[in-house]
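Please look over the assembly shown below. The report that follows takes up charge, fold, symmetry, cysteines and a few loop residues.

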Amino acid sequence: VSFLDNRRYAPALERTSAGAVIVHPDMLVRVPAGTVPIVTAEPYAGWARVAALFHPAPPVRPGVHPSAVIAEGARVDPSAEVGPFALVEAGAEVGACCRIGPFAAVGPGVVLGRECRIGAHASLSHAVLGARVYVYPGARVGQEGFSFAPTGAGFLTVPHLGRVVLEDDVEVGANTTIDRGSTGDTVVGAGSRLDNLVQIGHNVRLGRCCVVVAQVGIAGSAVLEDFAQVGGQAAIAGHLRVGKAARIGAQAGVMSDVPPGTALVGSPAQPRLEFFRQVAALKRIARRRAE
Amino acid sequence: VSFLDNRRYAPALERTSAGAVIVHPDMLVRVPAGTVPIVTAEPYAGWARVAALFHPAPPVRPGVHPSAVIAEGARVDPSAEVGPFALVEAGAEVGACCRIGPFAAVGPGVVLGRECRIGAHASLSHAVLGARVYVYPGARVGQEGFSFAPTGAGFLTVPHLGRVVLEDDVEVGANTTIDRGSTGDTVVGAGSRLDNLVQIGHNVRLGRCCVVVAQVGIAGSAVLEDFAQVGGQAAIAGHLRVGKAARIGAQAGVMSDVPPGTALVGSPAQPRLEFFRQVAALKRIARRRAE
Amino acid sequence: VSFLDNRRYAPALERTSAGAVIVHPDMLVRVPAGTVPIVTAEPYAGWARVAALFHPAPPVRPGVHPSAVIAEGARVDPSAEVGPFALVEAGAEVGACCRIGPFAAVGPGVVLGRECRIGAHASLSHAVLGARVYVYPGARVGQEGFSFAPTGAGFLTVPHLGRVVLEDDVEVGANTTIDRGSTGDTVVGAGSRLDNLVQIGHNVRLGRCCVVVAQVGIAGSAVLEDFAQVGGQAAIAGHLRVGKAARIGAQAGVMSDVPPGTALVGSPAQPRLEFFRQVAALKRIARRRAE
């Protein structure tokens, strides 16, 4: 079973020898004889469902590995799996059917809803997680943010009093960092997905189903409304508001508020059409002078 | 108790119901009746001091967790706290009142001054730390840098012989990486602060009280003089000198030496005023052509 | 013994008091009396060889630290060194003379060729490593990539079925992340070197002897042919092909295929000469308007 989603690969469809292929109706005529077409308006979602049927995620195996440390006063649901060298500190709560990976640190008082998965070497502190939250290996959630006041005698650290709240179905990528709030909380809304090596500053608030691609940096107290999407390596300055379903391009540098639904690219970030007009104009000028 | 530092939030001041608020003298007239103003020229530093009074950092609890490993020949001050699954290798020294977090690795021969805090999963090797150095979770300090010579038979690795020196009061953010020196040492000067996911190449030397925001990359052998500030995601090429109190903007790309006190933005980096003039000029040209 | 490779430092050569210095023939006349010149066309490679003679890498000490966990069904060659708190899971194979660092996680079924070194806190899953592969501290190899299909009821995760293949002599920098393939494998070709904090998306394929500098992001299914070089913080969009020996500049943003041997800079990336002509043209225009 295969699938075709990116039309760039359409020529490969005509040469496929797969037994079945999941395709959009428009592509049906290009499926070769001998291959069974499975037609859907959403081939990628279709592939996700089929692949999950053939390759289900490994089941959670209840129990605590003998090398793990569960501190006194921690609560671990008996249906949860706690891996080798995992650590659950005092006052922490691990919900039903969670899987805590090897070397994961669930800090004092951290609360995990049901069916969470905490990857190898991830660390959580000052955090509250909803249900089905996936934290990938090496992610850092809940440490203090970058915050200090300059004084005559050097920098004075500003205490952090807030938490990190990861709502239901959030995913946090490998080696991503999310700082705890300084006064309020840092919040990632339900269903939002963060890729690897992302930086989320203190007090940032992401709405529902936001998508943040690898190596993005979101500075302190910025707000992203529901369905906002941020391309790889983009940066969002502090204290800004990015409107609902706005789309920020890869490597963009956002320095002011973004209205809902806007598509921005470039650094400083600008409307997509305007940016590419500028790129073209500059090319023309430089060529004319070079002639 | 609340505070107002960023004037963007001044309208909120007039609606506050806080018992007391820390404000700049200019804002005094906007504090509503029923709220006690605490007036200072530095509201943010004032907030830091008040918050620290109400929320003191948890005290260090002397002792070594039974799951920790202290190698033979390591010296751990009896006033230090060594957490679960922490590792202190042979020849290492942990000073008075240090706190070594869970899963932290203090490598062979590493020396920590007094009152250092090493976060969960951080690793230190070939490093010497002064007093009150904070290393956040997952930071990597002292591994070999990116260094090899091309030869006919592939790349030949260049050995690293230097160390990392973190002077007093340095902070190193979560998942930040600092490579050891190849010949001399990599040095971060007293009071400097590095945010999360920063890359510091081998032989880099930072002066005193430098500020390096998240996801910055500083390539090998660059020098930053005292009080230099580097915005998020900026890059500094190798072997450059960034002068005293220079300010490099977010996402800037620095390709040549920077005189003291200069403010640069853009990639390639340019003086701030010049950069924004260029942005404006390009906008005008592109619009004219689009009409 | 010292060396001179970067000619920026030539004046220092004339003032050296080193006993011997490795130099290019062109620099011979500038070596002062009292210093023995060692002449080679490749001074940096020469230095690498000399330094390795004086400072050989510490030998591997066969054996398993008592705090390590080797799961039943894992195979560890008796000549390998397994450090404190290391974990080798079921079905994994650790080859001859490997060194597994403290807190390293070798996941179920992962295979390591001979003489690999896995740094502290690194995690490997769904991965096959050749000989002499070095994985630096905190690197994440083999977790699932960033992949989901939007549906009416939120995002649907797409299962990952592939692996990560790191061929002989590959190096993976500290806190770098390499996602496993979704259908095929993610592959890093023999001799390629990745610096710290790099992101390699699922299904990416790097050829032989590629060089990827710190904080680069390579999006899913991109292909880099042999000897491609990517400067720090550059980004390569998904599904692109970067040709043999192409050179991508620091902070570049590559949005289309790159022909072999091309040198690109800028975001969006352009031929080097064209980019700097544009920078110069824009400067002139902005200055003229400012007058």
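In chain A, the mean position of the 27 positive charges lies 10 Å from that of the 23 negative charges. Lys and Arg count as positive, Asp and Glu as negative, while His and the chain ends are not counted. Each charge is placed at NZ of Lys, CZ of Arg, CG of Asp or CD of Glu.

This is a predicted model, in which local features need pLDDT of at least 70, side-chain atom pairs count only at pLDDT 80 or more, and totals for chains, interfaces and linings use all residues. Residues are numbered from 1 along each chain as its sequence is written, chains are lettered from A and ligands numbered from 1 in the order in which they are written, and side-chain values use heavy atoms, with hydrogens and water left out.

**Chain A as a whole**

Chain A holds three helices and 36 strands. These are DSSP runs numbered from the N terminus: helices are H or I of at least four residues, strands E of at least two. Along the principal axes, the C-alpha atoms of chain A fill a box of roughly 65 × 60 × 30 Å. The accessible surface of chain A is about 11,400 Å², and carbon and sulfur atoms account for 56% of that surface. Areas come from the Shrake-Rupley method with a 1.4 Å probe; for residues, only the protein chains shown count as cover.

Of its 291 residues, 58% count as buried. Buried means under 20% relative accessible area, exposed over 50%, and partly exposed in between (1.4 Å probe, protein chains only). Take the contacts in chain A between residues at least 6 apart in sequence: 13% of them join residues at least 24 apart. A contact means heavy atoms within 4.5 Å.

**Symmetry**

Chain A can be laid on chain C by a turn of 120 degrees and a shift of 0.0 Å along the axis, with an RMSD of 0.0 Å. That is the relation of a three-fold axis. Chain B superposes on chain A by a rotation of 120 degrees with 0.0 Å of shift along its axis, RMSD 0.0 Å. The fits are least squares on the C-alpha atoms of residues with pLDDT of at least 70 in both copies.

**Cysteines**

How many disulfides are there over all chains? The count is zero, where a disulfide is a pair of cysteine sulfur atoms within 2.5 Å. The sulfur of Cys97(A) has its closest cysteine sulfur in Cys98(A), at 7.9 Å, too far for a bond. Cys97(A) is partly exposed at 30% relative accessible area. For Cys209(A), the closest cysteine sulfur is in Cys210(A), also 7.9 Å away and too far for a bond. Cys209(A) is buried, at 9% relative accessibility.

**Three loop residues**

| Residue | Loop between | Relative accessibility |
|---|---|---|
| Thr35(B) | β2 (20-23) and β3 (36-39) of chain B | 8%, buried |
| Ser182(A) | β22 (177-178) and β23 (186-188) of chain A | 10%, buried |
| Asn175(B) | β21 (171-172) and β22 (177-179) of chain B | 0%, buried |

The contacts below leave aside neighbours within four places in sequence. Thr35(B) is in contact with Thr16(B), Ser17(B), Ala18(B), Gly19(B), Ala20(B) and Val21(B). The partners of Ser182(A) include Pro159(A), His160(A), His202(A) and Asn203(A). Ser182(A) and Ala286(A) are 104 residues apart in sequence and 48 Å apart in space, C-alpha to C-alpha. Asn175(B) touches residues of chains A, B and C, among them Asn175(A), Leu197(B), Asn175(C) and Leu197(C).
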